[in-house]
Amino acid sequence: MVERALLRLAKAGKSFAGRSVVRDISFQLQHGEILSLIGPSGCGKTTILRMIAGLTNPDAGTIERDHALTEKGRIGYVFQDATLMPWASAEANVALPLILQGLPSKDAHARANAMLAKFELGDFARAAPHELSGGMKMRVALARTLITDPSLILMDEPFAALDEMTRHALNEEMLKLARAHGTSLLFVTHSVAEATYLSDRVAILSRRPGHVMAEFKMPWPRERTPSLRHDKRFMEETARLSAALGRAMDDSDLVSPK
């Protein structure tokens, strides 16, 4: 028996003020899978995430969500900015989603502290956002998203503003925690190397109106290590994706490899 996809988009499209932003977006996301979307600036990657999250509705095509995504809190969203409450501690920021779900404050804060410890932020639970570095703020944002145990996390360039070492460290933490929780990730990034490393599959979008021009399956085992970044195969795969992205920016036709 074939397992039903967690998420399925079929010819989904969206226009604003009569101008098409994305059209004929079709792809699937399986349970526990990590799929990255890369494409030219302005091709509609954020619009796709917003449609999946239910923040805006497609005006063409369909988006089918497995029952695992229909309950409140089962889709998490991580933005490029950490979007923390500036007046609240790291602990209070992470506890908030549980409190909004009705969990008693004491229990919510206990779980928030446990989640912060997983991100090596246990000593900063009482710190305000302005006392944290950019990488630490993003760790708090990730902890806040994972605290509700979502089945799917939508990630809109969450590490774009971070230095390379912090970015790599957060890549490792997200991979570890996503695998441990069985969480699916839909990851938007402008970094081809990041998409190559993180993903089970990578979808390349065209210029606006964005549509999927090609998909590539990454040849790595699900349990990968940082040494992969220095492997010849990794460099070759990154170059292959970079070339495909270049063709997408030129609006050349791409054929998905079999």
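Guide: A pocket, in this tour, is an open set of grid points with protein on both sides within 12 Å along at least five of seven lines, and its lining residues have an atom within 4 Å of a point. Keep in mind that you're looking at a predicted model.

Visitor: Which residues line the second largest pocket?

Guide: A residue makes the list if one of its atoms comes within 4 Å of a pocket point. For the second largest pocket, that gives Q80, D81, A82, T83, L84, P129, G134, K137, M138, P158, A161 and L162.

Visitor: Which class, nonpolar, polar or charged, has 7 residues in that pocket's lining?

Guide: Let's go through the classes of the second largest pocket, which holds about 190 Å³ of space. Its lining has 2 charged residues and 3 polar ones. The class with 7 is nonpolar.

Visitor: On to the sheets. In the open sheet with the order 2-1-4, which are the edge strands?

Guide: This sheet has 3 strands with antiparallel pairing, and its neighbouring strands are turned by 25° against each other on average, direction ignored. An edge strand pairs on one side only, which picks out strand 2 (19-29) and strand 4 (60-65).

Visitor: What stands opposite A10 in strand 4?

Guide: Strand 1 covers residues 7-16 and pairs with strand 4 in the antiparallel sense over 5 bridges. In strand 4, the residue opposite A10 is T62.

Visitor: Which helix packs on this sheet, touching strand 1, strand 2 and strand 4?

Guide: Look for residues 45-53, whose helix direction makes about 115° with that of strand 1. The helix touching those strands is helix 1.

Visitor: There's another open sheet, with 6 strands. What is their order?

Guide: Here the pairing is mixed. The edge strands are strand 5 (75-78) and strand 9 (212-217), so by the rule that each pairs on one side only, they sit at the two ends of the list. The order is 5-6-7-3-8-9.

Visitor: Which residue is the bridge partner of I153 in strand 7?

Guide: Strand 6 (residues 152-156) and strand 7 (residues 184-188) pair in the parallel sense over 5 bridges. The partner of I153 in strand 7 is L185.

Visitor: And which helix touches strand 5 and strand 6?

Guide: That helix packs on the sheet, and its direction makes about 170° with that of strand 5. Spanning residues 134-146, it's helix 4.

Visitor: Over which residues is the pLDDT below 50?

Guide: The mean pLDDT of the chain is 90, and 95% of its residues reach 70 or more. Where pLDDT is low, the predicted coordinates should not be read in detail. The stretch below 50 has 16 contacts in the model beyond near neighbours in sequence, and it covers residues 252-258.

Definitions and conventions. Residues are numbered from 1 along each chain as its sequence is written. This is a predicted model: local features need pLDDT of at least 70, side-chain atom pairs count only at pLDDT 80 or more; totals for chains, interfaces and linings use all residues. Side-chain values use heavy atoms; hydrogens and water are left out. On a 1 Å grid over the protein atoms alone, a cavity is a set of points where a 1.4 Å probe fits but cannot get out, and a pocket is an open set with protein on both sides within 12 Å along at least five of seven lines; lining residues have an atom within 4 Å of a point. Grid points are joined across faces, edges and corners, and a volume is the space filled by probe spheres set on the points. Ala, Val, Leu, Ile, Met, Phe, Trp, Tyr, Cys and Pro count as nonpolar, Asp, Glu, Lys and Arg as charged, and the others, Gly among them, as polar. Two strands pair if DSSP finds at least two bridges between them. Helices (H or I, at least four residues) and strands (E, at least two) are DSSP runs, numbered from the N terminus. Axes are lines fitted to C-alpha atoms, for helices over the stretch in contact, and angles run from 0 to 180 degrees between N-to-C directions. Contact means heavy atoms within 4.5 Å. pLDDT is the predictor's confidence in each residue, from 0 to 100.
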